[in-house]
Amino acid sequence: GQGLSVANGLAMCLKMDRKPNRVYCMLGDGELQEGQVWEAAMSAAHYKLDNLVAIVDKNELQIDGPTRAIMGIDPLAAKFESFGWKVIQVVDGHDFNEILQGFDKALKTQRQPVCVIAHTVKGKGVPFAENKVSYHGVALSEQEMAEAVPLLEKECMN
């Protein structure tokens, strides 16, 4: 839950040094249940960190189960907007072209941080792991790797 706070610090330093660099911070949707994330979101908007892009991996699962069962985070876009962020929805968070279009929109945003909400499927492309909480943060066995890698390679070629 501390990544967005660190990203804020980096973005603020870049602004103070008048550097054009941008900071990208990846957030899991379960992580958004942490109060520190929302303090950082409020701070980023207050300081108009338009060089900051938070990407939320919204797969609706976390280590303990579905996010809605642990602690619901919706309406997510409205929450970020209420904190002063520009929100860009990426309907298919596995579509690189759609993600890049979202980043292009983020680059054009001024005077506010941007949150890209990427709707994804945990374990996408590996049927035995898709949408399964039991595969959160767990290394695959050698047998599972032997099955998963060719599936992912094939997916990348499409």
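This section describes the fold, the aromatic pairs and the nonpolar cores of one protein chain.

The model is predicted. The protein chain has 158 residues, of which 37% count as buried. Six helices and six strands are present. Their order along the sequence is α-β-α-β-β-β-α-α-β-α-β-α. The C-alpha trace spans about 50 × 35 × 25 Å along its principal axes. Among contacts with a separation of 6 or more, 74% join residues 24 or more positions apart.

The accessible surface of the protein chain amounts to about 9,300 Å². Carbon and sulfur atoms account for 55% of that surface. The chain carries 16 positive and 21 negative charges. The mean positions of the two sets lie 10 Å apart.

Aromatic contacts were examined next. Five aromatic pairs are found in the whole structure. One of them is formed by Trp 38 and Phe 80, with ring centres 4.8 Å apart. The planes of Trp 38 and Phe 80 meet at 50°, so this pair is tilted. Trp 38 belongs to helix α2 (residues 35-46), and Phe 80 belongs to helix α4 (residues 76-82). The two residues are 42 residues apart, and their pair links distant parts of the chain. Trp 38 has a relative accessibility of 14% and therefore counts as buried, the limit being under 20%. Phe 80 is also buried, with a relative accessible area of 0%.

Phe 80 pairs with Trp 85 as well. Here the ring centres are 5.3 Å apart. The planes stand at 70°, so the pair is edge-to-face. Trp 85 counts as buried because its relative accessibility is 2%. Trp 38, Phe 80, Phe 83 and Trp 85 together make up one aromatic cluster.

Phe 80 and Trp 85 also recur in the nonpolar interior. The largest nonpolar core contains 26 residues. Leu 4, Leu 32, Leu 52, Leu 76, Phe 80 and Trp 85 have the most contacts inside this core. At least two core residues come from each of α1 (3-16), β1 (23-28), α2, β2 (52-58), α4 and β6 (114-119). Helix α2 supplies the largest share, six residues. In soluble globular proteins, nonpolar side chains tend to be buried together.

Leu 52 illustrates the contacts made by a residue of this core. Leaving aside residues up to four places away in sequence, Leu 52 touches Leu 4, Ala 7, Asn 8, Ala 11, Val 23, Ala 44, Trp 85, Pro 113 and Val 114. A second core of nine residues is separate and includes Val 53, Ala 106, Val 116 and Ala 118.

Asn 8, one of the residues touched by Leu 52, is found in helix α1. Asn 8 has a relative accessibility of 4%, so this residue counts as buried. With residues up to four places away in sequence again left out, Asn 8 touches Ala 40, Ser 43, Ala 44, Leu 49 and Leu 52. Ala 44 thus appears among the contacts of Leu 52 and among those of Asn 8.

Technical notes
Residues numbered from 1 in each chain as written. Predicted model: local features only at pLDDT ≥ 70, side-chain atom pairs only at ≥ 80, totals over all residues. Heavy atoms only, no water. Helix = DSSP H or I, 4+ residues; strand = E, 2+ residues; numbered from the N terminus. Buried < 20%, exposed > 50% of the residue type's maximum accessible area, 1.4 Å probe, protein only. Contact = heavy atoms within 4.5 Å. Areas by Shrake-Rupley, 256 points an atom, 1.4 Å probe, with all protein chains shown as cover. Lys, Arg positive; Asp, Glu negative; His and termini not counted. Charge placed at Lys NZ, Arg CZ, Asp CG, Glu CD. Phe/Tyr/Trp six-rings, centres within 6.5 Å; stacked < 30°, edge-to-face > 60°. Core = buried A, V, L, I, M, F, W, Y, C linked by side-chain atoms within 4.5 Å.
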